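Subject: The model we talked about

Hi,

Here is the structure I promised to send over. Have a look at it first, and then read my notes underneath.

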Amino acid sequence: MKLKKPFIIAGPCSAESEEQVLSTAQALAASGKVDIFRAGVWKPRTKPNTFEGAGVEALPWLAKAKEMTGLPIATEVANAKHVESAMPYNFDMLWIGARTAANPFSMQEVAEALRGTDIPVFVKNPVNGEVDLWCGAVERLAVCGVKNIGLIHRGFSGFGAGALRNAPMWHLALEMRRRMPELPMICDPSHICGCRQYIADISQQAADLNYDGLMIESHINPDVAWSDAKQQLTPDALAALLDSLKWRAGESTSESFQTALMGLREQIDSLDREIFQLLAERMNVAEEIGKIKRENDVRILQAARWDDIMERALARNSSLGLSEHFIRTLLDAIHIESINRQNRVMNE
Ligand code: PEP
Ligand code: MN
């Protein structure tokens, strides 16, 4: 599927009333910056007794928004009934939510309900960080004949997202893109952030990682929204945010740029060689330790020593500027390799 780049999907988290849908759609259309108007009709909520969407009653509101503004329309479907109810209203796109994408039974049901239609379908990443599951969701649609499939990266829950609602885990989305390079990839900064404050930063990161577009929640009066109030932007704030983003080119033919880039890449390649050389030497030393431990009947794992190494690396880091997460991940990988090498000599 070929999309205009950047492709912008915007609209409220939920369709709440005809008035709210129409006024939001009109303001978004007037900005001239939105390619598809979105609104959730059926809402998968974490807790019961919260607003679960207006349901079928909202479908004509979206159709009317399309008629009045000329904007194409999109909504979320999570089961066969949703697909059947939505089809008569001439939606231009459907998306599958993160909770549905994580459930193979639901995915299969939705895929079968879509058989024989030609509507584009975007699949959000499953809530959990399993790229295979995301691929599986796409494959189920493809097997049922859905031809125009896109991806939406909305972050992953349960990974210590810090100030964000869902950890972006960019590498998982990039891995998905590597596996399915022909599918457009849109970022949904609203659900990654969970609050307005970080949406511009996450959107810019997506632009710099060559995403094809953005899905951003926008509500005519966000503070009184019935779902996801904290993360929705007014149409004016959305337009300002979109104006502030830079969609940089993938390449430049400028000679000075090419020369500078080549020089820096050579530095990186040579530093990488040195890093691996040093790591290999470090592992040889670990093996020597393994040998003397074997000769002296001392076990491999000495937790206090390892805590000490980690603590010193973190303390030294204040002048290095690496993230704590990076240091811990890297040292953990080094530790595992060291233990494996020591184990090998222990059992020789
Ligand atoms: C949504 O887009 O409103 C939504 C429910 O998103 P997600 O499935 O990503 O939680
Ligand atoms: Mn939402």
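Below is what I found, starting with the overall fold and ending at the metal site.

Please keep in mind that this is a predicted model.

The fold first. 8 strands close into a barrel, and their pairing is parallel. Going round, the order is β1-β2-β3-β4-β5-β6-β7-β8. From one strand to the next, the twist averages 25 degrees.

If you would like one spot to zoom in on, try β2 and β3. Strand β2 covers residues 36–38 and strand β3 residues 73–76; the two run parallel and are joined by 2 bridges. Within this pair, F37 sits opposite I73 of β3. Helix α1, residues 18–31, packs on the sheet here and touches both β1 (7–11) and β2. The direction of α1 makes about 150 degrees with that of β2.

Now the metal. Which residues coordinate the manganese ion (ligand 2)? They are C13 through SG, H191 through NE2, E217 through OE and D228 through OD, at 2.1 to 2.4 Å. Along the chain, these donors follow the spacing C-x177-H-x25-E-x10-D. C13 and E217 link distant parts of the chain: C13 lies in the loop between β1 and α1, E217 lies in strand β8 (residues 213–217), and 204 residues separate them.

Are these two buried or exposed? C13 has a relative accessible area of 2%, so it counts as buried, the cut-off being under 20%. E217 is buried as well, because its relative accessibility is 1%.

Best wishes

How values were computed
Residues are numbered from 1 along each chain as its sequence is written. Chains are lettered from A and ligands numbered from 1 in the order in which they are written. This is a predicted model: local features need pLDDT of at least 70, side-chain atom pairs count only at pLDDT 80 or more; totals for chains, interfaces and linings use all residues. Side-chain values use heavy atoms; hydrogens and water are left out. Two strands pair if DSSP finds at least two bridges between them. Helices (H or I, at least four residues) and strands (E, at least two) are DSSP runs, numbered from the N terminus. Axes are lines fitted to C-alpha atoms, for helices over the stretch in contact, and angles run from 0 to 180 degrees between N-to-C directions. Contact means heavy atoms within 4.5 Å. Donors are N, O and S atoms within 2.8 Å of the metal (3.2 Å for Na, K and Ca); water is not among the atoms, so sites may look incomplete. Buried means under 20% relative accessible area, exposed over 50%, partly exposed in between (1.4 Å probe, protein chains only).
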